[in-house]
Amino acid sequence: MGFLDRLEKAIESVVSGVFARAFKGDVEPMEIAARLQKELDAEAKLLSRDRKLAPNEFFINLSEHDYNALEPYGRKTTDLIVPELRSHAQNMGYIFNGPLEIHYELVPELPTGKFTVESRAVAGVDRDELDSRVASRRARMVIEVNGVRHPLVPPGIVIGRGTEADLRIHDPGVSRKHAQIKVTGLGFDLEYEIIDLGARNGMTVDGRKVKHAVLADGSRIEIGSTKMLVHAPAGR
């Protein structure tokens with residue numbers, strides 16, 4: 001039984017047909033599921049002979065009419081589609097950077113019955129979010145990954161995929177110990193630099209491939225498929 005066959009049976013078993021009838025003539029969950037499968041297949045990038053990195057965050061752009069029709073069922077739709085996407089990915093040898101997420105966006109310019117899909121591969125990051133927020137407000141500079149700020153205080157942090165890293169990033173393009181940000185100095189007179197720890201895929205700072213770089217407010221770092229921003233937190 002294929003991806004869409006399993007999903008159709010899941011929808012029928014959960015909602016007894018009411019779910020599908022709610023969208024008669026408009027964008028239906030099965031259409032979204034089919035498009036997501038195509039997006040997954042089209043955007044999977046080859047990592048090695050038998051592994052491909054697939055997008056794990058999807059944005060479904062809908063007209064105002066379809067958005068209003070789908071919004072009450074959005075969570076139920078996502079809960080049904082995500083397990084089937086995971087199963088399809090496993091069968092195809094795809095891997096994900098982080099958790100699968102589906103977002104529904106209102107795009108008033110779209111006509112009723114039409115929708116578009118956008119996707120990206122976003123790395124999951126291990127952190128204690130509350131502690132990170134509090135510490136970030138006190139720090140002079142932070143490094144922001146996927147919308148979460150991590151304070152940069154002496155002596156600094158190691159970034160990587162392994163358990164020994166201070167900032168762990170679940171990205172197959174990131175080495176176990178990929179890079180180190182050193183923070184030196186006292187008080188507000190601090191200096192920041194990043195050093196490549198011999199990572200296979202290297203790193204890019206402000207668009208340039210480097211082994212070492214001095215960091216400042218606004219510095220942009222990229223390792224694997226993960227992008228990070230160094231900046232001064234607002235309101236500290």
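Modeller: Two strands are taken to pair if DSSP finds at least two bridges between them. The model before us is predicted, and β8 and β9 offer a first case: five bridges join these strands, which run antiparallel.

Colleague: Which residue of β9 is the bridge partner of Met141?

Modeller: The partner of Met141 in β9 is Leu152.

Colleague: What is the strand order of the open sheet of six strands?

Modeller: The order is β9-β8-β18-β17-β14-β15, and the pairing is antiparallel. At the edges stand β9 (148–152) and β15 (208–210), each of which pairs on one side only. From one strand to the next, the twist averages 30°.

Colleague: How many bridges link β17 to its partners β18 and β14?

Modeller: β17 and β18 are antiparallel over four bridges, and Arg220 has Leu229 as its bridge partner in β18. Two bridges join β14 to β17, again in the antiparallel sense; here Thr204 has Glu222 of β17 as its bridge partner.

Colleague: How many residues lie between β17 and β18 in their hairpin?

Modeller: Two residues separate the strands, and in the turn Gly224 has a positive phi of about 60°.

Colleague: Which residues form the covered face of β17, and which the uncovered one?

Modeller: Ile221 and Ile223 make up the covered face, while Arg220 and Glu222 make up the uncovered face.

Colleague: Is His150 buried or exposed?

Modeller: The cut-off for a buried residue is under 20% relative accessible area. His150 has a relative accessible area of 9%, and therefore counts as buried. His150 belongs to strand β9. From C-alpha to C-alpha, His150 and Val230 are 9.5 Å apart in space, although 80 residues separate them in sequence.

Colleague: Let us turn to the pocket. How much space lies in the largest pocket, and which residues lie nearest its centre?

Modeller: The largest pocket holds about 260 Å³ of space. Its lining has 20 residues, with Arg220, Ile221, Thr226, Lys227 and Met228 nearest the centre.

Colleague: Which strands each supply at least two residues of that lining?

Modeller: They are β8 (141–145), β14 (203–205), β17 (220–223) and β18 (226–231). β18 gives the most, with four residues. These strands appear in the six-stranded order described above, β9-β8-β18-β17-β14-β15.

Colleague: How do the lining residues divide by chemical class?

Modeller: The lining of the largest pocket contains eight nonpolar, six polar and six charged residues.

Colleague: How does the reach of helix α5 relate to its expected span?

Modeller: A reference of 1.5 Å a residue serves for the comparison. Helix α5 (residues 74–92) has 19 residues and spans 26 Å from first C-alpha to last, close to the 27 Å expected. Its buried residues include Leu80, Ile81, Val82, Leu85 and Ala89, and also Glu84 and His88. After α5 comes Gly93, with a positive phi near 80°.

Colleague: What is the pairing in the open sheet of three strands?

Modeller: The pairing is mixed, in the order β1-β2-β4. Its edge strands are β1 (45–48) and β4 (94–95), each pairing on one side only. β1 and β2 (residues 51–53) run antiparallel and are joined by three bridges; in β2, Arg51 is the bridge partner of Ser48.

Technical notes
Residues are numbered from 1 along each chain as its sequence is written. This is a predicted model: local features need pLDDT of at least 70, side-chain atom pairs count only at pLDDT 80 or more; totals for chains, interfaces and linings use all residues. Side-chain values use heavy atoms; hydrogens and water are left out. On a 1 Å grid over the protein atoms alone, a cavity is a set of points where a 1.4 Å probe fits but cannot get out, and a pocket is an open set with protein on both sides within 12 Å along at least five of seven lines; lining residues have an atom within 4 Å of a point. Grid points are joined across faces, edges and corners, and a volume is the space filled by probe spheres set on the points. Ala, Val, Leu, Ile, Met, Phe, Trp, Tyr, Cys and Pro count as nonpolar, Asp, Glu, Lys and Arg as charged, and the others, Gly among them, as polar. The expected span of a helix is 1.5 Å times one less than its number of residues. Buried means under 20% relative accessible area, exposed over 50%, partly exposed in between (1.4 Å probe, protein chains only). Axes are lines fitted to C-alpha atoms, for helices over the stretch in contact, and angles run from 0 to 180 degrees between N-to-C directions.
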